[in-house]
Amino acid sequence: MRLHRLHAAKVGAMLLALAAPCLIHPQSRTPHKQPTMLGHEAFAKAEDFINQTARPLDRALFAFYFAHGSRDAVIAELAKFQNSDGGFASCLESDTRWCGSSPLGAMKALGILTDLGVPASEPHVKAVIRYLLASFDDKHGIWHALPKEANAAPHASWWEVREDTGKCEVESPLFPTAALAGYLQNFSGLMPPGFVKRITESSLNYLAAAPVRMQMPDMESLIELVRLLPPAQSTDAVRKLKRVLAMVVVQDPKQWNSYNVKPLTFVHSPQSPFYPEMEKAVGANLDYIISTQKSDGGWELTWSWEDRDPAAWKLAEKEWRGVVSLENLQTLQAFHRIAQ
């Protein structure tokens, strides 16, 4: 969405460069600082880390994005998480170890399928759509993140489904419903007439009335929705989300080793509508990612539930480090911060 601005910026830079000798004394010029890059050796270490440590699914995703791997290989690994009811295992989200189906699992799976550009004719898509229609809470117009049965498996405290409300801490009218509304845009033909429009409008209306201080999962869901809507439908939402991000993004690098909203948490490429206002902070955050790669090639996490279940957390941490390391590489690639 920013391509025209980038082109204009390049033209402006060329004109300024041509005019510079007339405007600036040679001694007053300062050399342009080259951005910090993830070098060849560092990238090779990250690749080794993912291939030796990450889940087979994340290894297939790494191959797809960085090594000319096939989409079919990713789908084959993702299919291993799909249950007989068409839903996807909740443990696609590694902070819950429950492998029964849930809208949370469907959200994770559909996010991957959407990014891969998988068509509506794909059987795995049709199956998860059937699951989502069967699990939708029509009375409240939402999906619940997890069922109570998920409590039987090890999980982080924020995924604990309360007996009195039937909800976990993370669930809201926006999470996971708004994200699912985004992923279903391309599959609306598989849904009842007007269904996708209904959940999309309810999410956008909720955003319009919401305070500017929002929870991170709600922002995640809304930003996923907005990126998959046509610009004419997302303009007001983008404007509101810019205000939200201005309020909640932590711009102090000293705080980036904690779990919070960083400049790159929701700005994944220069084409993001939220990039222009945070360009400087994003640059610093990219430098930070490069500087915090560990000696094993991966990146550390900023959260833990080890005190709740040390054995389960050890496995979840291993999986998450693979996920986060892949996400960091994708972000660095999107901003051209990996040495060629």
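Leaving out residues up to four places away in sequence, Phe195 is in contact with Leu133, Phe136 and Trp143. In this predicted model, Phe195 belongs to helix H8, which covers residues 195-209. Phe195 is buried, its relative accessible area being 9%. Its C-alpha atom is separated by 9.8 Å from that of Leu184, a residue 11 places away along the chain.

**The nonpolar core**

Leu184 is also one of the residues with the most contacts inside the largest nonpolar core, a group of 104 residues. The others named for their contacts there are Leu110, Trp159, Met219 and Leu329. The element that gives the most to this core is helix H12, residues 310-334, with 9 residues.

Trp159 has contacts with residues from several places in the sequence. Not counting residues up to four places away, Trp159 touches Glu93, Asp95, Thr96 and Leu104, and also Ala145, Leu146, Asn151, Cys168, Val170 and Phe175.

Leu132, in helix H6, has a relative accessibility of 0% and counts as buried. With residues up to four places away set aside, Leu132 touches Pro103, Ala106, Leu110, Trp143, Leu180 and Leu184. Trp143 is thus named among the contacts of Leu132 and among those of Phe195. The C-alpha atoms of Leu132 and Asp85 are 10.0 Å apart, while the two residues are separated by 47 places along the chain.

**Helices H5 and H6**

Which residues make the contact between H5 and H6? The axes of these two helices come within 11 Å and cross at roughly 145°, and the crossing of H5 past H6 is left-handed. On the H5 side the contact is made by Pro103, Ala106, Leu110 and Leu113. On the H6 side it is made by Val125, Val128, Tyr131, Leu132 and Ser135. An α-helix has 3.6 residues a turn, so residues three or four places apart point the same way.

**Salt bridges**

Side chains of opposite charge can pair when their charged atoms come close. The model has 15 salt bridges. Three of them are listed here with the distance between their closest N and O atoms.

| Pair | Closest N and O atoms | Separation in sequence |
|---|---|---|
| Lys108 and Glu93 | 3.4 Å | 15 residues |
| Glu160 and Arg308 | 3.1 Å | 148 residues |
| Arg321 and Asp296 | 2.9 Å | 25 residues |

Lys108 forms a salt bridge with Glu93. Lys108 is in helix H5 (residues 103-116) and Glu93 is in the loop between helix H4 (71-79) and H5, so this salt bridge ties together parts that are 15 residues apart in sequence. Lys108 is partly exposed, at a relative accessible area of 24%, whereas Glu93 is buried at 8% relative accessibility. Glu93 also appears among the contacts of Trp159.

Glu160 forms a salt bridge with Arg308. The two residues lie in distant parts of the chain: Glu160 in the loop between helix H6 (123-135) and helix H7 (177-183), and Arg308 in the loop between helix H11 (279-291) and H12. Glu160 is partly exposed at 30% relative accessibility. Arg308 is partly exposed as well, with a relative accessible area of 41%.

Arg321 and Asp296 form another salt bridge. It links Arg321 in helix H12 to Asp296 in the loop between H11 and H12. Is Arg321 buried or exposed? At 11% relative accessibility, Arg321 counts as buried. Asp296 is partly exposed, with a relative accessible area of 38%.

Besides these pairs, Asp115, Glu224 and Arg227 are linked in a network of salt bridges.

**Helix H12 and Asp58**

H12 consists of 25 residues. From its first C-alpha to its last, H12 reaches 35 Å, close to the 36 Å expected at 1.5 Å a residue. Just after this helix, His336 takes a positive phi of about 55°.

Asp58 is found in helix H3, residues 56-66. Where neighbours within four places in sequence are left aside, Asp58 is in contact with Ile50, Val323 and Leu326. Asp58 is buried: its relative accessible area is 4%, and the cut-off for buried is under 20%.

Methods:
Residues numbered from 1 in each chain as written. Predicted model: local features only at pLDDT ≥ 70, side-chain atom pairs only at ≥ 80, totals over all residues. Heavy atoms only, no water. Core = buried A, V, L, I, M, F, W, Y, C linked by side-chain atoms within 4.5 Å. Buried < 20%, exposed > 50% of the residue type's maximum accessible area, 1.4 Å probe, protein only. Helix = DSSP H or I, 4+ residues; strand = E, 2+ residues; numbered from the N terminus. Contact = heavy atoms within 4.5 Å. Salt bridge = Lys/Arg side-chain N within 4 Å of Asp/Glu carboxyl O. Expected span 1.5 Å × (residues − 1). Axes fitted to C-alpha atoms, helices over the stretch in contact; angles between N-to-C directions. Left-handed = near helix turned anticlockwise from the far one by under 90°.
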